[in-house]
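Q: Please take a close look at a single part of this model: strand pairing. Go through it step by step, and cover what packs there too.

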Amino acid sequence: MPGTLPPNDLLTEYIEVAMAEAVYEILEDDGSHYGEIPCLPGVYANAENLDDCRLLLREVLEGWIILGIELGHPIPVLQSIDLTPKEKII
């Protein structure tokens, strides 16, 4: 069920833990950087350099979390951080 967003400190901690799980590679065809968080399906980014890829991946992650919570999708627990809403949006 859809719910409210968790407190900012919990959300920030979750994002930091998730970003620590990110993996990056340089794509051979154009030399751009690709990053993903394997434990979070659909969270990936591509940019010309590694710093931009990291920034974009973080933005994608933030949007993925917010949209997932708003739509009531399950958000995986990472290092015992559970973002599952405890309240319904009315």
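A: Two strands pair if DSSP finds at least two bridges between them. The model is predicted: local features need pLDDT of at least 70, side-chain atom pairs count only at pLDDT 80 or more, and totals for chains, interfaces and linings use all residues. Residues are numbered from 1 along each chain as its sequence is written, and side-chain values use heavy atoms, without hydrogens or water.

Start with the layout. The sheet is open and has 3 strands (DSSP runs of E, at least two residues, numbered from the N terminus). Their order is E1-E2-E3, and the pairing is antiparallel. Strand E1 (23-26) and E3 are the edges; each has a single partner strand, so one side of each lacks a neighbour in the sheet. Neighbouring strands are turned by 15° against each other on average, direction ignored (axes are lines fitted to C-alpha atoms, for helices over the stretch in contact; angles run from 0 to 180 degrees between N-to-C directions).

Now the pairings. E1 and E2 run antiparallel, joined by 4 bridges. Here Ile26 stands opposite His33 in E2. Strand E2 (residues 33-36) also pairs with E3, again antiparallel, over 4 bridges. There Tyr34 faces Asn46 in E3.

Look along strand E3 (residues 44-47). Its side chains alternate. Ala45 and Ala47 point to one face and are buried (under 20% relative accessible area; over 50% is exposed, in between partly exposed; 1.4 Å probe, protein chains only). Tyr44 and Asn46 point to the other face and are not buried.

One helix joins the picture. H2 lies across E1, E2 and E3, and runs at about 150° to E3 (contact means heavy atoms within 4.5 Å; helices are DSSP runs of H or I, at least four residues).
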